[in-house]
Amino acid sequence: MSVLSGKKILLGISAGIAAYKTASLVRLFIKSGAEVKVIMTPASKDFITPLTLSTLSKNPVSSVFYDKKEENELWNNHVDLGLWADLMLVAPATANTLSKMANGTCDNLLLATYLSAKCPVYFAPAMDLDMYKHPSTKNSFKKLQSFNNVMIPATSGELASGLVGEGRMAEPQHMVSFIEKDLLSKLPLKGKKLLITAGPTYEAIDPVRFIGNHSSGKMGFEIAKAAANLGAEVSLISGPSNQQIQHALIHRIDVNSAEEMYTSVHDCFDEVDIAILSAAVADYRPKNVAQQKIKKTVAALEIELEPTKDILASLGAIKKQQFLVGFALETENELENAKGKLQRKNLDMIVLNSLQDKGAGFATDTNKITIIDRSSKEISFELKSKAAVAKDIISEILKRIA
Ligand code: CTP
């Protein structure tokens, strides 16, 4: 999956002949799973039509603050567009547009949106070789780079003027790969190793029966996805679960029992930077597992149970550099119990969900959590999808490991 998947991309087109290549650029972005909106300088419409770009992007194309010819004039809000974007790319970026961007000139919608954008900005220059070499243009590049804007350098080749040299806008496929690589290298969990436990455990009674619980594994899988999307290498150790996951950075290890989960977790723990234990591990297991199926009789059946190993507590006892996160599912005295677990198990952070909250806990698509850290700081979140909760958990961890 591309790092661009789900990203909102604002493509700013200025008036260069290379604008015709933006049609395939939009298609490549869409193919990588991104959503694209296009803004154009008025003059760029001589090189490619807004209709082509709106058809390919499946979004309206804007080039002016408002259209005087329209009966119902609508203000194209550059601030909204700037805030909407996860990243902005100006391509082709002409010498004129680059100079205006570098100097804060704001005489068209593209430039106003650029000044309003808080997201990463990339620019792909396209111009004739002498313009590209001119100290004034070089100055624009330098100035924009000092604003943390990223330049996708032009390549050498035949130019519209017929001259050969540097100034050709990078090819669309190269621009997409360049941005993907750049984003990946800047992901906040890049180079970090995470261990996540998820799902229930099954404790065998006999060859066909077990003690289990209703955990679906969804919360842990969403955390794995959120972490991997931020560049982490994830070992996801899961009890029996129907959840599916496909991600180049997630290595799934399936286990059944608490004992198997304990062994797998300890095999990985030394090497990880962050461990998040969201599994609903059975606290007890049958002391003796019958070798054959237990036959029904009229007599009552008693199964003696013994405690399983507390995986989380065992990690708290040996942790070194690792940031250790546990979960607490409570039905009463929630905060007090969660704080007690944080201390007892030597955690850095605990995620509390209460079964008192509607929509929280097992087998739902939503969750409502409170996060507590070692300083006893409590942060309560609204009821959200488990995917959004996973992002909250990861972002709270990031604040504490930075
Ligand atoms: N946990 C674990 N190993 C166990 C039991 C629990 O790793 N054998 C982890 C869970 O993954 C979770 C945390 O411990 O992160 C809290 O589990 P919970 O069952 O709520 O806490 P317990 O310590 O078992 O306390 P109690 O059941 O009394 O609430």
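Reader: What makes strand S3 and strand S4 count as a pair, and in which sense do they run?

Author: In this predicted model, strand S3 (residues 87-93) and strand S4 (residues 121-125) are joined by 4 bridges, in the parallel sense. Pairing requires at least two bridges between the strands, and the 4 bridges of S3 and S4 therefore satisfy the criterion. Two of the bridge partners may be named: Met-88 is matched with Val-121 in S4, and Ala-93 with Pro-125 in S4.

Reader: Which strand stands opposite S3 at Leu-10, and what is the residue there?

Author: Leu-10 stands opposite Met-88, a residue of S3. Strand S1 (residues 8-13) pairs with S3 in the parallel sense, again over 4 bridges. Since at least two are required, S1 and S3 therefore also count as paired.

Reader: What is the order of the strands in the open sheet?

Author: The open sheet has 5 strands in the order S2-S1-S3-S4-S5, with parallel pairing.

Reader: Why are strand S2 and strand S5 said to stand at the edges?

Author: Strand S2 (35-40) and strand S5 (150-151) each have a single partner strand, so one side of each has no neighbour in the sheet.

Reader: Why is S3 called mostly covered?

Author: In S3, 7 of its 7 residues are buried. A residue is called buried when its relative accessible area is under 20%, and the description of S3 as mostly covered rests on that count.

Reader: What is notable about the peptide bond from Ala-91 to Pro-92?

Author: The bond from Ala-91 to Pro-92 is cis, with omega near -5°. Pro-92 is located in strand S3.

Reader: What makes helix H5 mostly covered?

Author: Of the 8 residues of helix H5 (residues 109-116), 7 are buried. They are Leu-109, Leu-110, Leu-111, Ala-112, Thr-113, Tyr-114 and Ser-116.

Reader: How do you know that a side-chain oxygen of Asn-108 makes a polar contact at the start of H5?

Author: That oxygen of Asn-108 reaches to within 3.1 Å of the backbone nitrogen of Leu-110. The cut-off for a polar contact is 3.5 Å, and the pair therefore falls inside it.

Reader: What makes strand S6 and strand S7 a pair, and how do they run?

Author: Strand S6 (residues 155-158) and strand S7 (residues 164-168) run antiparallel and share 4 bridges, where at least two are needed. One of these bridges sets Gly-157 against Gly-165 in S7. The hairpin of S6 and S7 has 5 residues between the strands, and within the hairpin Gly-162 takes a positive phi near 95°.

Reader: Which residues other than glycine have a positive phi?

Author: Asn-333 and Ser-376 are among them: phi is about 40° for Asn-333 and near 70° for Ser-376. Asn-333 lies in the loop between S16 and helix H12 (334-344), while Ser-376 lies in the loop between strand S19 (369-373) and strand S20 (378-380).

Reader: Why is Asn-333 called partly exposed, and why Ser-376?

Author: The class lies between the buried limit, under 20%, and the exposed limit, over 50%. Asn-333, at 46% relative accessibility, falls between these limits and is therefore partly exposed. Ser-376, at 36%, also falls between them and therefore receives that label.

Reader: Why is Ala-387 called partly exposed?

Author: Its relative accessible area is 32%, so Ala-387 lies between the 20% and 50% limits. Ala-387 is part of helix H13 (residues 386-401). Its C-alpha atom is separated by 8.4 Å from that of Lys-225, 162 residues apart along the chain.

Reader: How do you know that an oxygen atom of the ligand makes a polar contact with the side chain of Lys-345?

Author: An N or O atom in the side chain of Lys-345 is 2.7 Å from an oxygen atom of the ligand, and this distance is within 3.5 Å, so the pair is a polar contact. The backbone also takes part: a ligand oxygen lies 2.8 Å from a backbone N or O atom of Phe-327, and one lies 2.9 Å from a polar backbone atom of Leu-312. The protein covers 77% of the 570 Å² of accessible area that the ligand has on its own.

Reader: Which elements give two or more residues to the shell around the ligand?

Author: They are helix H11 (311-318) and strand S16 (323-330). S16 gives the most, with 3 residues. The shell divides into 8 nonpolar, 2 polar and 5 charged residues.

Terms used: Residues numbered from 1 in each chain as written. Predicted model: local features only at pLDDT ≥ 70, side-chain atom pairs only at ≥ 80, totals over all residues. Heavy atoms only, no water. Polar contact = N/O pair within 3.5 Å; in protein donor to acceptor, adjacent residues only side chain to side chain. Areas by Shrake-Rupley, 256 points an atom, 1.4 Å probe, with all protein chains shown as cover. Nonpolar A, V, L, I, M, F, W, Y, C, P; charged D, E, K, R; others polar. Buried < 20%, exposed > 50% of the residue type's maximum accessible area, 1.4 Å probe, protein only.
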